[in-house]
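Reader: I've got a fresh model on my screen and I'd like to walk through it with someone. Mind if I fire off some questions?

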Amino acid sequence: MSQQRKALWDVDEDLQDVDLSLAIGNYGQNGIYDEAEPRIDEATLLAVQQQMVQQAAFAQIPDVVKRFIVHFHHAVLENNLAEITAAYESGWNRLTEKFYSKTEWPEAEVIAPLVNDDQIFLILYRELYYRHVYSRLQPDIDDRFHSYENSCELFNYLLNSDGPVPLELPEQWLWDIIDEFIYQYQSFCVWRSKAKSKTDEELILLADASQVWSSYSVLNVLYSLIQKSKINEHLVALQEGKSAEEIAEIVGEYGVRPLYRMLGYFSVVGLLRVHSLLGDFTLALKVMENVELNQKSPFTRVTACHVTTYYYVGFCYIMLRRYPDAIRAFVSILNFILRMRQYHTRSYQYDQINKTADRMYALFAICNALSPTRLDDNISNIVKERYGEQFTKMSRGEEGIPAFEELFLYACPKFISANPPPYEDPELRAAYIEEPPVEPAQRHLGLFLSEVRAQAPVPTLRSFLKLYTSLDAKKLANFLDADEEKMVQQMMVMKQASRSVSRVENEKGLLDGQMISTCDLDFVIDENMVHIAESTVGRRYAGWFIRNTEHAQRVFDGIRNSPLPAPPKAAPVANVSTDSAAPAASGPRPGGPRVAWGSVKAA
């Protein structure tokens with residue numbers, strides 16, 4: 001008979017001689033497990049919580065957004081420029097207005113399962129994500145730091161990969177990448193300079209991350225893209241008329257790719273902007289020496305780039321006291337915007353283009369007040385409509401300085417300081433907050449107004465000289481309520497203000513030019529007599545006839561396209577004659593020739 005099996009709960013009787021502490025160990029008795037359990041549980045719990053949050057966020061994404069992201073990803077993988085352009089310019093903005101006008105898009109980690117965790121696409125997605133945060137919402141310090149990290153990842157991928165990357169993006173997106181990179185840098189510098197409003201946490205982060213959005217890192221990216229693409233060599237070769245094969249040999253494997261070529265080209269325009277923001281206007285125009293300002297240049301294919309280029313070129317000319325060149329730049333781009341107004345209404349950057357155009361009208365008014373010249377009628381009418389009051393004040397000498405200040409502060413770029421506040425040193429930071437330095441915009445305003453004050457007597461002096469062909473110096477001094485020595489000083493100021501360096505036809509660099517006269521009034525001083533010579537330019541009748549012909553054509557088209565008035569109801573006829581030989585009633589014949597708007601021409 002087999003031995004009876006013992007129950008499990010009877011095992012204690014057979015283990016009376018066994019040291020249970022050795023056999024079982026000290027599990028659950030303040031041993032290793034007690035120390036490991038909280039640590040493992042905490043890490044696991046954090047991961048589980050994060051996964052649950054992502055799953056919840058993923059579930060809240062509308063199905064149409066999920067389909068859009070999947071479609072967008074496939075288009076990028078296949079380098080389908082047409083589909084990428086449609087998704088970028090239309091789909092993204094349409095879904096933003098519908099679902100995310102006041103909130104962020106889903107984070108990249110949330111939508112990663114939709115794109116198979118494609119890191120390159122996620123970098124591009126984050127670029128759009130942070131651009132949306134900057135434009136529609138208020139970025140916090142984490143957004144500013146993370147957007148910088150994402151920009152570094154994108155440019156490291158483009159610049160440090162083994163050979164050109166297999167990626168194609170539309171030109172509009174490439175410009176927006178460079179433009180947004182500079183804008184976020186500018187925004188960070190302005191935010192960083194306000195040391196008084198920072199929290200303790202922000203002070204610690206700014207002290208430890210002094211290289212985040214540093215001027216050196218931004219300039220390094222732009223110059224690296226220019227060097228990698230060899231865009232300057234490409235532009236010089238085009239101007240020299242070299243063939244496509246010769247150009248391909250010059251620029252190498254990177255320069256022949258549209259992605260790198262356009263990024264390099266837009267980086268040149270980006271440097272123009274960055275150097276202008278930093279206050280180096282000569283260097284800003286120097287980097288543009290190989291870019292031709294005409295309607296055939298590549299930057300004209302992207303309207304926002306076209307407008308930005310002329311705005312900063314014109315502003316640099318103003319700060320270098322080259323007002324004729326500034327006026328020429330503003331007239332060119334403002335006429336372009338007027339001609340393309342209907343197209344701009346379909347652009348998602350319509351509002352930004354209009355704001356920049358309005359600022360250029362203000363700068364145009366400043367230029368014309370400092371260097372009066374014959375105005376383009378279309379531009380002058382708009383300037384008088386928008387800034388007529390300020391324009392009148394600016395022509396009154398010293399009284400117009402507040403008007404100059406108002407328009408300058410409105411129309412100038414948001415200048416930045418390259419050096420951050422001393423966040424790493426509490427004592428220096430306290431001194432910085434107690435006595436902050438002059439803001440960059442005020443510093444540039446002071447330099448500009450010094451030039452304006454120097455020319456303040458010129459409008460009054462010009463108004464007197466226009467009345468005479470020769471005038472006694474003593475009499476002119478009495479008109480000006482000044483002695484003869486001061487009068488001569490004012491006349492020399494006027495002589496100097498009527499001379500300016502200006503580009504002439506076929507000039508290559510934007511800094512090149514010749515000294516020209518910018519005033520239609522000139523004078524010489526012969527002993528005690530002032531001899532005045534005024535050059536008058538005949539009216540340009542061709543432009544007047546063209547504008548009025550166009551206006552008449554628009555009126556005629558409007559009348560022709562308007563519906564005809566309803567014909568009056570005919571009065572009832574009491575007796576209708578049945579005589580076939582009777583003359584027909586007054587009215588058009590059914591078979592007669594027709595006039596332009598469709599009715600029958602009466603006999």
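Reader: Let's start with the largest pocket: which element gives the largest share of its lining?

Author: Keep in mind that this is a predicted model. The largest pocket holds about 1,700 Å³ of space, and 44 residues line it. Helices H4 (81-99), H6 (119-136), H8, H15 and H18 (350-370) each give two or more residues to that lining. The largest share, nine residues, comes from H8.

Reader: And which residues lie nearest the centre of that pocket?

Author: Go through the 44 lining residues and look toward the middle. The ones nearest the centre are Ser-135, Asp-179, Glu-180, Tyr-183 and Gln-352.

Reader: Okay, zooming out a bit. What percentage of the residues of the protein count as buried?

Author: The secondary structure comes to 26 helices and five strands. Among contacts with a separation of 6 or more, 69% join residues 24 or more positions apart. Of the 603 residues, the share that counts as buried is 40%.

Reader: Is Val-302 buried or exposed?

Author: Val-302 is found in the loop between helix H14 (281-286) and helix H15 (303-319). Leaving out residues up to four places away in sequence, Val-302 touches Glu-171, Gln-172, Trp-175 and Phe-266. Its relative accessible area is 2%, and the cut-off is under 20%, so Val-302 is buried.

Reader: What separates the C-alpha atoms of Val-302 and Trp-173, in Å?

Author: Along the chain, Val-302 and Trp-173 are 129 residues apart. In space, their C-alpha atoms are separated by 9.6 Å.

Reader: Now helix H10. How far apart are its end C-alpha atoms?

Author: H10 covers residues 215-229, which makes 15 residues. At 1.5 Å a residue they should span 21 Å. The model agrees with that, because the end C-alpha atoms are separated by 21 Å.

Reader: Which helices do the buried residues of H10 pack against?

Author: The buried set in H10 includes Val-218, Leu-219, Leu-222, Leu-225 and Ile-226. Just after the helix, Lys-230 takes a positive phi of about 55 degrees. The packing partners of the buried residues are H7 (141-160), H8 (171-192), H11 (231-239), H12 (244-255) and H13 (258-278).

Reader: On to the strands. Which strands stand at the edges of the open sheet?

Author: Three strands form this sheet, in the order E1-E5-E4 with antiparallel pairing. A strand with a single partner has one side left without a neighbour in the sheet, so the edge strands are E1 (470-472) and E4 (521-526).

Reader: Which residue in E5 stands opposite Asp-472?

Author: E1 and E5 (residues 529-534) pair in the antiparallel sense over three bridges. Opposite Asp-472 in E5 stands Met-529.

Reader: Which helix lies across E4 and E5?

Author: Look for a helix running at about 140 degrees to E4. The one lying across E4 and E5 spans residues 484-497, and that's H25.

Reader: Last one: what is the bridge partner of Val-501 in E3?

Author: Side chains alternate along E2 (residues 499-502): Ser-500 and Ser-502 point to one face and are buried, while Arg-499 and Val-501 point to the other and are not. E2 pairs with E3 (residues 514-517) in the antiparallel sense over four bridges. In E3, the bridge partner of Val-501 is Met-515.

Definitions and conventions:
Residues numbered from 1 in each chain as written. Predicted model: local features only at pLDDT ≥ 70, side-chain atom pairs only at ≥ 80, totals over all residues. Heavy atoms only, no water. Pairing = 2+ DSSP bridges. Contact = heavy atoms within 4.5 Å. Axes fitted to C-alpha atoms, helices over the stretch in contact; angles between N-to-C directions. Expected span 1.5 Å × (residues − 1). Buried < 20%, exposed > 50% of the residue type's maximum accessible area, 1.4 Å probe, protein only. 1 Å grid on protein atoms, 1.4 Å probe; cavity = no way out; pocket = protein on both sides within 12 Å on 5 of 7 lines; lining within 4 Å. Points joined across faces, edges and corners; volume = space filled by probe spheres on them.
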